[in-house]
Amino acid sequence: MLNNTINTLKVATLFVSFAIFGCKTASPEAGKNANSTNQTVISKDLKWSDKMALTLMKRHPQSWQIDDSKAPKWDYVHGLVLYSFQELYKKNPNPAYASYVQGYLDALIQNDGTIKTYEIEKYNIDMIVAGRLLFNAYDKTKEEKYLKAMQLLRQQLTVHPRTQSGGFWHKKIYPNQMWLDGLYMGEPFYAEYTATFEGGKNLDDVAHQFEQIQLHATDPATGLLYHGWDESKQMPWANKETGNSPNFWSRALGWYVMALVDALDYFPKDHPKQKELVGYLNKVSESLAKYQHKSGLWYQVTDKMEKEGNYLEASGSSMFAYAFAKGVNKGYLPAKFKKIANKAFDGLTTQLIKVDADGTITLTQACQVAGLGGTPYRDGSYEYYVNEKKKDNDPKATGPFILAALELNR
């Protein structure tokens with residue numbers, strides 16, 4: 001509790017210094033106490049990346065509070081958003097951003113390298129992605145606890161159950177299933193770990209995960225990938241011939257393209273699988289471009305466009321903007337995708353962003369969550385996806401929004 005309190009005060013104190021970066025306080029007295037955080041006005045002149053980051057810090061003073069969490073927990077949404085803060089810090093080295101990320105690690109990583117709330121025996125691939133924050137922490141501090149925590153997550157991948165064809169199950173409770181979501185949850189961490197500590201010896205296995213989902217989940221007619229694939233073809237949602245779920249979900253496709261551009265960071269150009277992964281990225285990106293709405297955004301159910309109930313959705317659109325922009329910046333995608341990404345970002349900022357009086361911003365029209373199977377049962381139908389709850393500033397939208405803004409320098 002003491003560490004958490006100290007971190008809260010650090011963030012509050014540092015937040016006052018944001019005046020240097022374009023913020024101003026609402027009154028002369030605002031900077032005289034820790035509550036000044038709540039009185040800070042975020043300047044309209046800041047870049048969108050900073051506006052969103054400062055908004056999240058203002059509304060969630062401790063980073064573990066992201067997604068309205070009531071207590072610290074090791075979770076993929078925190079990993080996603082705080083990774084965007086880590087990348088933002090590289091462009092704008094405001095110490096408050098680094099402190100915000102560190103506060104999460106302080107709350108969860110114990111001195112012996114164990115991770116509070118993390119249970120390896122659940123074999124949940126979602127729990128891997130927050131481990132991406134540990135590489136930077138270990139590199140900067142050389143504290144053994146961060147290395148041990150990374151090794152613990154790497155151990156999960158060693159023993160994680162797999163399909164007969166070698167793909168990681170999404171979770172132990174979802175046997176024989178690969179979901180597009182899982183590629184982002186596991187592969188960027190796996191790729192960075194094997195490149196950093198194993199001489200890249202398992203990059204072939206990283207590539208194999210993409211090969212399996214590309215082979216089994218791709219629709220030949222549209223070039224899009226279905227949300228989930230059940231190798232056993234036993235799930236009620238699974239097509240009895242292909243094992244695929246029945247619809248294309250933009251966020252799932254967003255997870256997939258983000259997984260590709262992030263994992264590719266660790267594949268040398270001369271690696272035999274690098275061109276293959278770049279090819280996957282190009283194929284799915286070309287297919288996605290065909291479904292971009294005139295606003296620049298994409299629909300919740302990607303290919304159903306203006307079907308009744310469908311809506312232009314923030315998280316998938318943010319993810320595509322990020323992946324396309326980074327793909328061009330890294331030389332994986334042709335230049336036209338930077339224009340597509342900018343159009344998407346324009347759509348997000350003009351159609352889906354609300355600006356409050358204090359300068360904080362709210363990204364609307366974000367699907368809160370969607371999955372397959374489970375209890376209550378999720379059937380993957382069109383009606384299911386369009387009727388799931390929406391949440392303003394859902395972290396699956398805000399994290400990719402920051403990352404897209406960084407790649408687009410906006």
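## Close-up views of a predicted model

**View 1. Helices α3 and α5 meet.** Gly 79, Leu 82, Tyr 83 and Gln 86 on the α3 side touch Arg 132, Leu 133 and Asn 136 on the α5 side. Sorted by class, the residues of this contact are three nonpolar, three polar and one charged. Please keep in mind that this is a predicted model, here and in every view below. Helix α3 covers residues 76-91 and helix α5 covers residues 132-141; their axes come within 9 Å and cross at roughly 40 degrees. How are α3 and α5 oriented to each other? An angle from 35 up to 65 degrees is neither roughly parallel nor roughly perpendicular, so α3 and α5 are oblique to each other.

**View 2. A closer look at Gln 86.** You have just met this residue, which is found in helix α3. Is Gln 86 buried or exposed? Gln 86 has a relative accessible area of 10%, and because buried means under 20%, Gln 86 is buried. Setting aside residues up to four places away in sequence, Gln 86 touches Val 101, Arg 132, Leu 133 and Asn 136. Now find Lys 390, which is 304 residues from Gln 86 along the chain: the C-alpha atoms of these two residues are separated by 27 Å.

**View 3. Helices α11 and α12 side by side.** Two packed helices are described by the angle between their axes and the distance between the axes. For helix α11 (residues 314-329) and helix α12 (residues 336-352), the angle is about 150 degrees and the axes are 8 Å apart. Angles over 145 degrees count as roughly antiparallel, so α11 is roughly antiparallel to α12. The crossing of α11 past α12 is left-handed. By class, the residues of the contact of α11 with α12 are 11 nonpolar, three polar and one charged. Which residues can you look for here? On α11, they are Ala 314, Ser 317, Ser 318, Ala 321, Phe 324, Ala 325, Val 328 and Asn 329; on α12, they are Phe 337, Lys 338, Ile 340, Ala 341, Ala 344, Leu 348 and Leu 352.

**View 4. Helix α12 with another partner, α10.** Helix α10 (residues 274-289) packs with α12 at an angle of about 50 degrees, and their axes are 12 Å apart. α10 and α12 are therefore oblique to each other. The crossing of α10 past α12 is left-handed. In this contact, Ser 285, Glu 286 and Ala 289 of α10 meet Lys 336, Phe 337 and Ile 340 of α12. These residues divide into three nonpolar, one polar and two charged. Phe 337 and Ile 340 may look familiar: they also belong to the contact of α12 with α11.

**View 5. The largest nonpolar core.** In soluble globular proteins, nonpolar side chains tend to be buried together. How many residues does the largest nonpolar core have in this model? It has 134 residues, and Trp 74, Phe 85 and Phe 210 are those with the most contacts inside it. Helix α9 (residues 250-263) gives this core its largest share, 10 residues.

**View 6. A cis peptide bond in a loop.** Thr 375 sits in the loop between β8 (361-363) and α13 (382-387), and Pro 376 is placed in the loop between β8 and α13 as well. What kind of peptide bond joins Thr 375 and Pro 376? The bond is cis, with omega about 0 degrees. At 82% relative accessibility, Thr 375 counts as exposed. From Thr 375 to Leu 312, 63 residues apart in sequence, the C-alpha to C-alpha distance is 27 Å.

**View 7. Two residues with positive phi.** Asp 67 is a residue other than glycine, and its phi is positive, near 65 degrees. Asp 67 lies in the loop between α2 (48-59) and α3, and at 23% relative accessibility it counts as partly exposed. Asn 176 is not a glycine, yet its phi is also positive, at about 65 degrees. Look for Asn 176 in the loop between α6 (144-159) and β3 (177-179). Asn 176 is partly exposed, with a relative accessible area of 23%.

**View 8. His 216 and its contacts.** His 216 is placed in helix α8 (residues 203-217). With a relative accessible area of 25%, His 216 is partly exposed. Apart from its neighbours within four places in sequence, His 216 is in contact with Ser 165, Trp 229 and Asn 244. His 216 and Gly 374 are 158 residues apart in sequence, and their C-alpha atoms are 22 Å apart in space.

Definitions and conventions. Residues are numbered from 1 along each chain as its sequence is written. This is a predicted model: local features need pLDDT of at least 70, side-chain atom pairs count only at pLDDT 80 or more; totals for chains, interfaces and linings use all residues. Side-chain values use heavy atoms; hydrogens and water are left out. Axes are lines fitted to C-alpha atoms, for helices over the stretch in contact, and angles run from 0 to 180 degrees between N-to-C directions. Helices (H or I, at least four residues) and strands (E, at least two) are DSSP runs, numbered from the N terminus. Angles under 35 degrees count as roughly parallel, over 145 as roughly antiparallel, 65 to 115 as roughly perpendicular and the rest as oblique. A crossing is left-handed if the near helix is turned anticlockwise from the far one by less than a right angle, and right-handed if clockwise. Contact means heavy atoms within 4.5 Å. Ala, Val, Leu, Ile, Met, Phe, Trp, Tyr, Cys and Pro count as nonpolar, Asp, Glu, Lys and Arg as charged, and the others, Gly among them, as polar. A nonpolar core is a set of buried Ala, Val, Leu, Ile, Met, Phe, Trp, Tyr and Cys residues joined through side-chain atoms within 4.5 Å. Buried means under 20% relative accessible area, exposed over 50%, partly exposed in between (1.4 Å probe, protein chains only).
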